[in-house]
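Here are a few notes to help you find your way around. Open the structure next to them and follow along.

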Amino acid sequence: MSDEQLLAKAYDPADVESKWYSFWEDRGSFHADPASPKQPYTIVIPPPNVTGILTLGHVLNNTLQDILIRFEKMRGRETCWVPGTDHAGIATQTKVEAALKKELGLTRYDLGREKFLEHTWAWKEKYGGAIIRQLRTIGSSCDWQRERFTMDPGLSSAVQEVFVRLFEKGLVYKGRRIINWCPKSRTAISDEEVEYKEQRGHLWHFRYPYADGSGYVVVATTRPETMMGDTAVAVNPKDERYAGKIGQKLVLPIVGREIPLVADDFVDPAFGTGAVKVTPAHDPNDYEMGLRHNLPFVNIMHDDGSMNDDAGAEFSGLDRFACRKAVVARMKELDRLEKIEDYTHQVGYSQRGDVPVEPRLSEQWFVRMAPLAEPALAAVNDGRIRFYPERWVKTYRHWMENIKDWCISRQLWWGHRIPAYTCDRCGELTVAREAPAACPKCGHASLTQDPDVLDTWFSSWLWPFSVFDWPRETPELKRFFPTHSLVTGPDIIFFWVARMIMASLEFTGQIPFRDVFFTSIIRDDQGRKMSKSLNNSPDPLEVVKTYGADALRFTMIYIAPVGQDIRYSNEKCEIGRNFANKIWNVVRFRLRLGPAAANWQSLDGLTSADLRPDDQWIIARLNATVASLTAALDAFQFNEVSKILYEFIWNEFCDWYLESCKPVFNAEKAPRQAVVLRVFDYCLGTFLRLLHPAMPFVTDELYHQMGFAADQESILDADWPAPMPGPALAGLGATDDCVALAQAKFELVRAVRTLRANYQIPTSRSLAEIVVVPAAAAAADYLRRDLDTLKAILGADDLRIRDAYQASGPCGVAVGGMATAYVPLAGVVDLKAECERLAKQEDEIVKYLASLQAKLGNEKFVARAPVEVVAAERAKQAEFEAKLARVREQLTAFGTQA
RNA sequence: GCGCGCAUAGUUCAGUUGGUUAGAACGCUAUCUUCACACGGUAGAGGUCACAGGUUCGAAUCCUGUUGCGCGCACCA
């Protein structure tokens, strides 16, 4: 073998990875054909925010999807992975406004709606979708020809269609309500977009005097700044402290307005002072009370959270938090401040704006959710849709059963504009797919479209079918919808997963997907959430540069516990890097011996007689690996997938099989060489295919290096390995028995190695002679079948199998379950140390036998445990009794020598 | 308050329907640069499976309770 044909000593992923991705993409490996006769398998990507960049969360999420897609593709399905992004209304608009301010010093109002949208589209084309390009670096096999954006014409018309249909069904309505308002983004948001944070604040106790001068009522509030909007004070009707006072007038301090004392069951007499100031325009509960008691609704704030003129000249223009301070100061001055208590409570924050939400009374559009929730709940309850891990079903159920209407209008410009039109003359509201030419009621030709846009999730919830151009009956829609697997984070179970199920059932009558896999949340190695402020979120592209994409992918699934948070650190990627290097070196080793065996694809034609015990063992293990890996993939057990792959190639193939092959390969033209090479290549070819979904780059590279695929082919086109049928395995002698015998042999080898280690005899130094005395005839037969390999693995110049052995001189003894190995070591062996070691081993066996005896001596165990279990315990007892006898025999022998 | 989850080796975690002498990776100790790999090999130390009960012939595994930690939902100003 000439030097230039050798692989580099260590695997360097950089070149390999860039080469293969463009190879796959150029040859259209990822493109799905709706006309294909193959059974389809579809995944739609959870569309990332168009302004976003790749995070480790995306890496995990998309690695899992890619594993599924590649696995199913190799398994023979027509796979379709639809990528794309969503328009992220608030985030994008905010970003573009910031850029506009910075570059041109302009606001969106300076540009006007139309110009601003043009500007935003231009920005999107230029900077948007970076994340989609980045996905390629981790190997995502998306069908890029099908990339979609939620504001594409097709998807936009789906949004219009849905809005109109829901309106016509009475499931979309416009209403004046208290909604969650983000003063920073100046838009309504949905309940789901509010995050509650615990906050240390105060409970201010204010004295509100009776109008008749007969004293005062003390109210407690966390929000003094809203008091200018108070239109009542409420107490519990059963509260005796206020008996007879209901209906009396109080004078609102500072403002001077007279407000009534009302009785309402909502008020908890035990909390605070038992009296609540009622601000119907600024609190959801107060709003309800306001309705019940016919109170006025006084809005005292602008949409940016600053105070308006109705708050009074003193406060007008102040920000709400500045106003809070000012109100407290003023109340103190007026001697209306009774006391201030420390108070820790939950404050709702706008997820996007990260500022406290302001409950705001305004007119918005809502979706009536209860009718949609019912079938969506049923689809999960009856198992048509399955969640992994299953426990998320409970969360889903709870939300569905307590569902509230969804506020879908947003006071933004970037998004799908609401297709509702108001007649400029008669005020009639028309909802239509096309802008009406004239008012259907009065015939007036001038109508004004609702200025608001729809929540981004109102387009995302249609994603599984809108990407296929629903409501048009496209071939893609017919072929690839319903989709199969959804891989997403549990944090958007309500935002997205639940709503997709509702939308899909409502509009297509079908479930959107069969299986939902919820990924782990990624934290840093101290368990903290990744965040910009902590600067603890590594850039995946840097990680790929350092370790390789395969390494990152493999590490992710290796460290991802099922259904729990991942603790990630860059150093952990060494797991994947080392793993890739290990496999690289297997191929490097193999290629030194020449090209792949011509008939590597199968073991057809071979029989038990052609194979060494170790060949049979690795075939059996490979076969078990094929079966368990396939099962793990089917069950979405990705962590298990990584462990199975790792265990097989490292601990079985490299540690034992490859070592076992060395003596055969090193021998001059050993007759077995061809067969062993074929088995070796068969295992390697099979393994590379099994590994491909997890580590696509290095596997395709090595598959080609081995010559398993032609230049223009990809491992991705290869068939997924199928387990061999039982009779075929039996014919090759790859049986459970052969596995058990091999394991016993390995135990014996380890025992000899322990001896070497004890006497510090390096592997490089061969032992002159080893004598093995098998414990039984079967063991003797087994060992005699391949003495050469055993000799080489033990590092012995001479290896003899004997029925009995009496060492003539100082001798190390390794007692295994299968046999005892004698290693004559004149001048090295320390008799005392040997005795101590054997005595320790004796102790261990005695202890173990005692535990077995305790079990087997228990009549109830023997009577009630399954027969196989009892039989297994008996077999162990027999085995260890025999082993104990041999250890004791040896101790005796040493005793007489001493 | 309601719901969910977690607690196993120094660390991070496996442990599938109860039955293996409780495993792996990293770290640690010793040793080896032998011609696949030091991103490696070999050997070794290290755990009363949070605690208390219970079910069972048998519990890390199932049940109940306790403690600690995390998450979600809902909140009384």
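1. Let's begin with a strand pair. Strand 18, covering residues 420-423, runs antiparallel to strand 20, and 3 bridges join the two. One of the contacts you can look up is Thr422, whose bridge partner in strand 20 is Thr448. Keep in mind that this is a predicted model.

2. Now for the sheet around that pair. The strands sit in the order 19-18-20, making an open sheet of 3 strands with antiparallel pairing. At the edges you'll find strand 19 (429-431) and strand 20 (447-449), each of which pairs on one side only. On average, neighbouring strands here are turned by 30° against each other, if you ignore direction.

3. Next, a pocket. The second largest pocket holds about 350 Å³ of space. It is lined by 17 residues, and those closest to its centre are Thr763, Ala792, Ile793, Leu794 and Gly795.

4. Which elements give two or more residues to the lining of the second largest pocket? They are helix 20 (638-666), helix 24 (736-758) and helix 26 (787-794). Helix 24 provides the largest share of that lining, with 5 residues.

5. One last thing on the second largest pocket is the make-up of its lining. Sorted by class, there are 8 nonpolar residues, along with 5 polar and 4 charged ones.

Note on methods:
Residues numbered from 1 in each chain as written. Chains lettered and ligands numbered in written order. Predicted model: local features only at pLDDT ≥ 70, side-chain atom pairs only at ≥ 80, totals over all residues. Heavy atoms only, no water. Pairing = 2+ DSSP bridges. Helix = DSSP H or I, 4+ residues; strand = E, 2+ residues; numbered from the N terminus. Axes fitted to C-alpha atoms, helices over the stretch in contact; angles between N-to-C directions. 1 Å grid on protein atoms, 1.4 Å probe; cavity = no way out; pocket = protein on both sides within 12 Å on 5 of 7 lines; lining within 4 Å. Points joined across faces, edges and corners; volume = space filled by probe spheres on them. Nonpolar A, V, L, I, M, F, W, Y, C, P; charged D, E, K, R; others polar.
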